[in-house]
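Please open the model in your viewer and keep the selection panel at hand. The tour below moves from one selection to the next and says what is to be found at each stop.

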Amino acid sequence: MLRFIASRLLQAIPVLLVVISVTFLLIHSAPGGPFSDEKAVPPEVARALEAQYNLDQPLWQQYVSYLSDVVRGDFGPSFKYSGRTVNELIAAGLPVTAELALYAMLVALFIGISAGVFAAIRPNTLQDYIPMSAAMLGICMPSFLLGPILILVFGIQLEWLPISGWGDIPGDKILPAITLGTGYAAYIARLSRSGMLEVLSQDYIRTACAKGLSERLIIFKHALRGGLIPVIAFLGPAFAGLLGGSFVVETIFQIPGLGRFYVTSAFNRDYTMILGMTIFFAGLIIVFNLLSDLLALWLNPKLRQQARGGN
Amino acid sequence: MQHPSQASEQRSSLWLDAWIKLRKNRMALFGFVVLLILCAVSLLTPWIAPYSYEQQDLMLGATPPSSAHWLGTDIFGRDMLTRIMYGGRVSLMVGFIATAVALVIGILWGSIAGFIGGRVDAVMMRIVDIMYALPFMIFIVLLMVVFGRNILLLFVAIGAVEWLTMARIVRSQVMALRKQEFVEAAYSMGLSRWAIIRRHIIPNTLGPVVVYTTLTIPSVMLLEAFLSFLGLGIQPPQSSWGLLINYGVETMEEYPWLLIFPGITLSLTLFALNFLGDGLRDALDPRASKD
């Protein structure tokens with residue numbers, strides 16, 4: 001197990017190196033410097049600015065010094081938010097986005113698993129068709145459409161819930177969490193349905209039935225553990241998706257999180273900010289993929305055997 | 001197990017079989033019909049759109065649906081139905097072209113890796129694994145920022161994200177096929193490698209590829225809409241459904257129909273394509289599980 005974790009962490013190093021290098025090169029090959037759209041500054045000011053951000057050095061030197069900074073966990077100063085570092089901005093946005101992603105995930109897991117299990121118990125009946133059609137609807141209703149519709153219905157027409165902000169008014173976290181979570185709830189419902197269907201056709205479930213165990217006991221004690229493995233494996237990629245989804249949801253609901261910072265810095269061409277956040281996101285995604293693999297390993301004895309045996 | 005000389009016969013019966021199964025699946029058939037209508041409307045838009053794309057009527061402004069403007073008009077007095085039709089052309093084009101990019105890269109990569117095998121395969125699939133771990137949504141935003149918001153780049157960027165799964169599917173298919181007895185038999189009969197790829201490998205991988213392609217189109221369209229919604233995709237004066245939804249959101253309190261109609265169109269399209277993909281999967285690839 002430890003060897004597995006260690007080898008996965010070692011594999012993450014080249015991936016991160018590739019991410020850093022590609023992003024760095026992309027940003028530095030962009031036409032026009034980061035200050036080129038500023039109102040015509042005198043050449044000496046421009047030179048001073050470039051010196052301040054090390055832009056006057058050759059590219060490889062910039063790369064080496066940036067890499068050594070990143071290894072020490074320093075993403076440098078922001079180009080556009082003067083006087084603030086990328087680290088400070090990430091530190092400000094991360095708790096907000098993490099909380100949003102957590103709530104969204106809870107919404108997704110709760111709705112998704114209950115709908116999927118419910119549907120799998122009676123396949124090809126109304127009890128299956130209704131939740132699965134709803135799931136399909138959830139997949140086809142992108143967050144940038146669902147969010148505004150929720151705002152329109154519950155925020156503006158019914159005036160039940162606040163429509164923007166984060167932690168200012170009670171209840172303002174409800175709509176963003178639902179908006180971000182719904183699509184994942186739909187995927188999780190489909191995954192848990194197919195996982196459960198497969199497990200329910202296994203011999204050990206038939207044995208449990210033959211022993212006369214109640215349906216409830218069979219489902220919760222015996223089937224769920226195996227049936228939810230596809231869901232667990234989906235959690236890592238889902239987390240990466242949640243980050244992307246937070247771009248939209250944080251923009252719609254005006255939430256000061258990482259996603260909104262990323263989109264804003266993309267518009268402002270705040271290169272150090274984009275660079276730092278891309279690397280940070282990549283690191284996060286790698287960690288979460290690892291965690292979800294470990295969880296799947298812990299739940300599935302067959303995979304555990306494989307991990308112990310080879311590789 | 002099929003015999004080499006029956007390959008073409010087998011192929012046609014596979015497709016016929018699939019068509020018969022697909023016809024029984026009402027939702028998939030509905031998806032197919034919607035897709036056909038969308039393609040027809042998109043192709044014919046310049047001739048059948050009720051108004052021209054540039055036509056605006058500032059005096060009219062935003063009006064709810066009426067007999068002159070079935071889906072209403074936007075704040076510039078532009079006919080919404082016309083705008084959705086032209087936007088659909090762009091959305092569908094992005095969907096098809098980016099999927100084609102993904103298809104070409106994915107099939108080439110997967111079939112080379114699967115057919116050569118060994119160390120080449122290990123290296124190629126390792127690259128795919130590494131790229132899977134990268135935050136691609138973020139990379140697309142990055143590309144759009146660095147190189148400007150150029151529609152061609154959008155195709156390439158989205159295609160470059162979506163080929164990974166295709167490569168995996170094709171590779172596993174090719175690997176499985178390579179070891180089958182009928183391929184060995186074809187070798188022993190002295191068929192060239194290329195003939196085997198063309199006659200046996202490609203036709204037999206086609207099923208899963210078609211299924212996955214159908215499922216890739218809606219996800220690509222969703223990506224495009226997502227980027228356009230953020231202002232990083234299609235740029236005006238061009239229009240797409242994502243961009244129309246973006247505009248609709250800005251004025252949704254006063255003129256909700258500007259959000260609702262493009263939204264319904266996008267959702268309905270995604271719905272239809274997903275059902276078609278699911279139906280094709282059931283019809284063409286009975287082993288694949290429905291997830």
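Two residues are said to touch, or to be in contact, when heavy atoms of theirs lie within 4.5 Å of each other. With that in mind, note also that what you have loaded is a predicted model.

**Stop 1: chain A as a whole**

Select chain A and colour it by secondary structure: 13 helices and 0 strands should appear. Align the view with the principal axes, along which the C-alpha trace of chain A spans about 85 × 60 × 30 Å. If you then colour by accessibility, buried residues make up 45% of the 311 residues in chain A. Of the contacts in chain A with a separation of 6 or more, 72% are between residues 24 or more positions apart. A surface drawn over chain A corresponds to about 15,500 Å² of exposed area, of which carbon and sulfur atoms supply 65%. For the charges, pick out the 21 positive and 19 negative side chains of chain A, whose two centres lie 15 Å apart.

**Stop 2: chain B as a whole**

Now select chain B, which contains 10 helices and 0 strands. Its C-alpha atoms fill a box of roughly 80 × 45 × 30 Å along the principal axes, and 52% of the 291 residues of chain B count as buried. Among the contacts in chain B between residues at least 6 apart in sequence, 70% join residues at least 24 apart. The exposed area of chain B comes to about 13,500 Å², with 65% of it supplied by carbon and sulfur atoms. Chain B carries 21 positive and 19 negative side chains, and here the centres of the two sets lie 12 Å apart.

**Stop 3: the nonpolar cores**

In soluble globular proteins, nonpolar side chains tend to be buried together. Which members of the largest nonpolar core touch the most other members? Select A:F144, A:F247, A:Y262 and B:V141, which hold that position among the 133 residues of this core. Centre the view on B:V141 and show its surroundings: leaving aside residues up to four places away in sequence, B:V141 touches A:F247, A:Y262 and A:A266 from chain A, together with B:L227 and B:L232 from chain B. A second, separate core of 12 residues can be found by selecting some of its members, including B:V170, B:V174, B:A186 and B:Y212.

**Stop 4: salt bridges**

Over all chains the structure holds 7 salt bridges, and three of these pairs are visited here, the first being A:R72 with A:D69. The side chains of A:R72 and A:D69 meet at 3.5 Å, N to O. A:R72 counts as exposed because its relative accessibility, 62%, is over 50%, whereas A:D69, at 24%, counts as partly exposed.

Move on to A:R206 and A:D203, which form a salt bridge with their closest N and O atoms 3.6 Å apart. Both residues lie in helix α8 (residues 203-210) of chain A, 3 residues apart, about one turn of the helix. Both A:R206 and A:D203 are exposed.

For the next pair, select B:D121 and B:R171, which form a salt bridge whose closest N and O atoms are 2.5 Å apart. This pair links distant parts of the chain, since B:D121 belongs to helix α4 (residues 118-132) and B:R171 to helix α6 (residues 151-178) of chain B, 50 residues apart. Is B:D121 buried or exposed? With a relative accessibility of 7%, B:D121 counts as buried, because the cut-off is under 20%.

**Stop 5: two buried polar residues in chain B**

Select B:N246, located in helix α9 (residues 241-250) of chain B. B:N246 has 15% relative accessibility and therefore counts as buried. Not counting residues up to four places away in sequence, B:N246 touches B:S228, B:F229 and B:G231.

Finish at B:R78, in the loop between α2 (26-48) and α3 (80-116) of chain B. At 18% relative accessibility, B:R78 also counts as buried. Show the residues that B:R78 touches, again not counting those up to four places away in sequence, and you will find B:Q55, B:Q56, B:G72, B:T73 and B:R83.

Definitions and conventions
Residues are numbered from 1 along each chain as its sequence is written. Chains are lettered from A and ligands numbered from 1 in the order in which they are written. Side-chain values use heavy atoms; hydrogens and water are left out. Helices (H or I, at least four residues) and strands (E, at least two) are DSSP runs, numbered from the N terminus. Buried means under 20% relative accessible area, exposed over 50%, partly exposed in between (1.4 Å probe, protein chains only). Accessible areas come from the Shrake-Rupley method with a 1.4 Å probe; for residues, only the protein chains shown count as cover. Lys and Arg count as positive and Asp and Glu as negative; His and the chain ends are not counted. The place of a charge is taken as NZ of Lys, CZ of Arg, CG of Asp or CD of Glu. A nonpolar core is a set of buried Ala, Val, Leu, Ile, Met, Phe, Trp, Tyr and Cys residues joined through side-chain atoms within 4.5 Å. A salt bridge is a side-chain nitrogen of Lys or Arg within 4 Å of a carboxyl oxygen of Asp or Glu.
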